[in-house]
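Student: I should like a close look at a single helix pair in this model. Please describe the packing in detail and then turn to some points of the backbone elsewhere.

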Amino acid sequence: MATIELTDPAHEVRNQAPPLHPVNFFDLDLALREALAREGGDWGLERAHEVGSAAGSEAALEHGRRVERNLPILHTHDRYGKRIDEVELDPSWHWLLRGAVERQIHSLPWREQRPGAHVVRAALFMLWGNVNAGVMCPVSMTHAAVPALRAAAPELAAEWEPRLTSSDYESGALAGMAMTERQGGSDVRANLTRAEPLGDGRYELNGHKWFCSYPPCAMFLVLAQAPAGLSCFLVPRGPGLEFQRLKDKLGTRSLPSAEVEFHGVHGRLVGEEGRGVPAIIRMVNHTRLDCLLGAATTLRRGTLEAVHHARHRSAFGAPLVEQPAMRNVLADLAIESEAATVAAMRVARGYDDAEDGPFRRLATAVMKYWVCKSAPAHAAEALECLGGNGFVEDSGLPLLYRDAPLNSIWEGSGNVSALDVLRAIVKEPAGLTAYLAECELAAGGDRRLDSHLERVRARLAGAFDQDAQFQARHMVEELAVALQASLLVRHSPSPVADAYCAARLGGEGGRAYGTLPAGVDAGAILDRALPA
Ligand SMILES: Cc1cc2nc3c(=O)[nH]c(=O)nc-3n(C[C@H](O)[C@H](O)[C@H](O)COP(=O)(O)OP(=O)(O)OC[C@H]3O[C@@H](n4cnc5c(N)ncnc54)[C@H](O)[C@@H]3O)c2cc1C
């Protein structure tokens, strides 16, 4: 029988990229670092450095892996048949969620009301999002519940805010939302769950919700039909709130998302009866920003992993990163990622400045649509840069890929987001004016951007004469790339801005990633994407 000779070179492990971890996600991300300082969050640089380091530690990597292996389990009843509705979660889940709460990623702007707080929180959200996408869902919902309560139910805000904003993971509280029902999610007017007034300020809720993420939340904002119409209620977790089963999902599998039945559960009105959508939309505005931040994280992580791998893996006698076809793919991924980061951070600044309201309203919808829509294709291409290794769980890329479509679905699926942009343009024209003014701050900086903006204006002038909904996605795309190009022209090194304008506006690029035109300075783009 042949024995394996251990010194035989045929058995040596060669030409494999070393692990990327431990890594500081912030220190390596020049686009994010610059955007944090530029958009008013320079006081958060040290915090971002700490979060970037913690998120890129070996410990965080291992906890992130464990929560994907040890999935949540719902226990509806105890051994004696009594309802308990408890979700069993792996200790790693708690490690990851506690890490976010202790760093105030769920509450920073509400606790520290200083200029730039939303920008700082946005950077921290993106950085901690590297540990696990699922864990960011309750972080986002809790953060977003506070402004909704403050605006529509100050007395409930006073009661709940101390716990919702606490950085003590054990004694604090997390908030969820329950809107979607079997018969309709986007169209919440189709909700059937009923709310009957009890006469003492409370309501009794009966009905169901088809998706309700993170059942362990202490309370949920719920839409239900009251006598005067669809209304928003604060429902604490407790008897009558019964979780039926957990969804078997494509991605964010670490996050329990449940189907729920309401059996006479008590809730308190948030805002006025019949004004449930305006009440909960204040929450959704913030979770939509987080979808954008989450998608930008996906693009950045994919770029980082792809460039790292290509620097350490050789084929046909040279490192992949030196092979021209691969340089094109990597540079293309990198410019898309930088465009997403600068846009996400600019939109986050809109939440810090009351005067930026009209821009914020439109820009959140436009960029939520576009960056979330970009994420799955970007993740697929990043994965392919690792070849077969990218298809294997150990690399982390399959997880990135499975999670990537989600941000585009929840908080307004693609079409719903695009239609929301149309609605905002018609109902709040000041938003479009502010948006185009922001894009035009780069006027004269790149001729392709100038021509693109002219085309966008012409299109907008004619769009509402024709079938606007049929063309909604295309119009939102045009608006999105205009803002991204404008930000890159003004703030990023010229190789990045030039490549973006050429490929995305100038008609010189192709359709798949890796089709940047000749003359692009891929070397400069890659040095920036992952500094040596
Ligand atoms: C992992 C996960 C977690 C979730 N967690 C929660 C949660 O915690 N709470 C909660 O309330 N919901 C939650 N949801 C539900 C989510 O918000 C909805 O799935 C989403 O809003 C879409 O609603 P729907 O599934 O009913 O699809 P539908 O509304 O039926 O939409 C189906 C498709 O039709 C499109 N569409 C809808 N209307 C139009 C139109 N007028 N014109 C053109 N196209 C249209 C949509 O864009 C979509 O592509 C979660 C979903 C997922 C996947």
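**A helix pair and selected backbone sites**

Tutor: Helix 17 crosses helix 18 in a left-handed manner, a term that applies if the near helix is turned anticlockwise from the far one by less than a right angle, whereas a clockwise turn is right-handed. The model is predicted, and local features need pLDDT of at least 70, side-chain atom pairs count only at pLDDT 80 or more, and totals for chains, interfaces and linings use all residues. Residues are numbered from 1 along each chain as its sequence is written, and side-chain values use heavy atoms, with hydrogens and water left out.

Helix 17 spans residues 472-491 and helix 18 residues 494-505; the angle between them is about 160° and their axes lie 8 Å apart. Helices (H or I, at least four residues) and strands (E, at least two) are DSSP runs, numbered from the N terminus. Axes are lines fitted to C-alpha atoms, for helices over the stretch in contact, and angles run from 0 to 180 degrees between N-to-C directions. Helix 17 and helix 18 are therefore roughly antiparallel, the class for angles over 145 degrees.

On the side of helix 17 the contact (heavy atoms within 4.5 Å) involves Val481, Gln484, Ala485, Leu488 and Val489, and on that of helix 18 Val496, Ala497, Tyr500, Cys501 and Leu505. These residues comprise 9 nonpolar, 1 polar and no charged. Here Ala, Val, Leu, Ile, Met, Phe, Trp, Tyr, Cys and Pro count as nonpolar, Asp, Glu, Lys and Arg as charged, and the others, Gly among them, as polar.

The backbone sites come next. Most residues other than glycine have a negative phi, and most peptide bonds are trans. The bond from histidine 21 to proline 22, however, is cis, with omega near -5°, and proline 22 belongs to the segment before helix 1 (30-41). Asparagine 15 is also placed in the segment before helix 1; its phi is positive, about 55°, although it is not a glycine. Asparagine 15 has a relative accessible area of 33% and is partly exposed, where buried means under 20%, exposed over 50% and partly exposed in between (1.4 Å probe, protein chains only). Aspartate 85, in strand 2 (residues 83-88), has a positive phi near 50° and is buried at 9% relative accessibility.

Finally, leucine 45 is located in helix 2 (residues 45-55) and is partly exposed at 34%. Leaving aside neighbours within four places in sequence, leucine 45 touches Phe26, Arg33 and Leu36.

Key:
Angles under 35 degrees count as roughly parallel, over 145 as roughly antiparallel, 65 to 115 as roughly perpendicular and the rest as oblique.
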